[in-house]
Amino acid sequence: MTDPNVNEQGYIYGKFQTGPRTWSIMSKSAPQFVYLLIGDEKAALIDTLYGYGDLRKIVESITDKPVMVFNTHGHFDHTGGNSFWPEAYMSEYAAKEAKRAFSEELQKIAESHAYPDYEIHTVNDGDIIELGGHTLEIIKIGAHSPGSIAILDKTERILYAGDELEAGQVLLGRTSVPEHLESMEKLKSREAEFDFINSAHNGTHLTKDYIDDFIELDRQYIAGTAKKLDSAAGFGWADSAEGFGGGGERYNYNRAYFVIIR
Ligand SMILES: [Zn+2]
């Protein structure tokens with residue numbers, strides 16, 4: 001029988017363990033990561049990639065615990081694989097866009113999974129999720145998408161920031177920088193509770209002082225003094241990238257980059 005997780009380029013997903021009860025699953029098609037947190041009774045999967053192959057199969061190669069699926073926000077590169085499971089947890093805003101595929105091809109792939117009409121449960125700021133000896137908290141943030149949440153793993157002291165903080169670039173609308181600043185300040189106020197940050201794209205395990213660089217970059221942009229780079233291209237983002245209107249303007253402070261895309 002052919003393995004659904006192998007295509008003409010080889011394996012679609014890789015996996016590696018990053019904590020006593022934490023695994024990263026990496027997608028080969030783009031430098032993108034989802035995370036599997038394992039409690040005594042349940043596991044939590046944070047984001048589900050585009051829906052290629054059989055994500056559920058690779059998750060079940062790691063744990064036989066029942067899996068709660070969470071989405072950091074509703075963009076389809078984070079929700080496309082939700083339909084391998086009967087239900088998913090996300091913000092109210094994310095629920096409005098989570099089933100909207102980026103293309104017809106991706107829509108068809110999602111509809112071919114076991115649960116194309118999976119049920120959505122909404123989560124709110126401050127919600128606590130118990131996996132059994134492993135506790136998570138939902139922290140509402142939002143700027144890249146107004147529906148973003150961060151997930152704080154209080155047991156393993158890791159913050160999952162989705163697309164709101166990452167090493168390549170955060171994609172932002174021109175008017176959403178003040179919300180990004182507010183989100184970063186909110187995460188900063190919680191920094192005693194985690195040791196590092198896991199992002200969805202372009203590298204994983206970032207030191208938590210990346211938050212300081214983003215706060216400074218956001219402040220400089222709002223003040224009109226941020227350093228604009230000659231090209232919007234960067235790691236994981238082409239100057240002429242399709243989607244989000246393409247192109248954009250890249251700004252930088254120290255290790256923080258964002259690209260203004262609309
Ligand atoms: Zn996104």
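Two strands are taken to pair if DSSP finds at least two bridges between them. In the predicted model examined here, strand E17 and strand E18 (residues 249–253) satisfy this condition, pairing in the antiparallel sense over two bridges, and within E18 the bridge partner of Lys227 is Asn252. Helix H6 (residues 210–223) packs on the sheet, where it touches E14, E17, E18 and strand E19 (256–260), and its direction makes about 45 degrees with that of E19. The sheet itself is open and comprises four strands in the order E14-E19-E18-E17, with mixed pairing; its edges are formed by strand E14 (170–172) and strand E17 (227–228), each of which pairs on one side only.

Elsewhere, strand E6 (residues 43–46) pairs with E7 in the parallel sense over four bridges, Met68 of E7 being the bridge partner of Ala44, and the two strands make a right-handed β-α-β unit together with helix H1 (residues 55–60). Strand E7 also pairs in the parallel sense with strand E8 (residues 87–90), over two bridges, and Tyr89 in E8 is the bridge partner of Phe70. Both faces of strand E7 (residues 67–70) are covered, since Val67 and Val69 on one side and Met68 and Phe70 on the other are all buried.

The zinc ion has as its protein donors His73 (NE2), His75 (ND1), His144 (NE2) and Asp163 (OD), which lie 2.1 to 2.3 Å from it and whose spacing in sequence is H-x1-H-x68-H-x18-D. Of these residues, His73 and His75 are buried. The arrangement is irregular because the four donor atoms subtend angles of 90 to 178 degrees around the zinc ion, whereas a tetrahedral assignment would require all angles to lie between 85 and 135 degrees.

Definitions and conventions: Residues numbered from 1 in each chain as written. Predicted model: local features only at pLDDT ≥ 70, side-chain atom pairs only at ≥ 80, totals over all residues. Heavy atoms only, no water. Contact = heavy atoms within 4.5 Å. Axes fitted to C-alpha atoms, helices over the stretch in contact; angles between N-to-C directions. Donors = N, O, S within 2.8 Å, 3.2 Å for Na, K, Ca; no water. Tetrahedral: all angles 85-135°; square planar, octahedral: opposite > 155°, others 65-115°. Buried < 20%, exposed > 50% of the residue type's maximum accessible area, 1.4 Å probe, protein only. Right-handed = clockwise from strand over helix to strand, strands pointing away.
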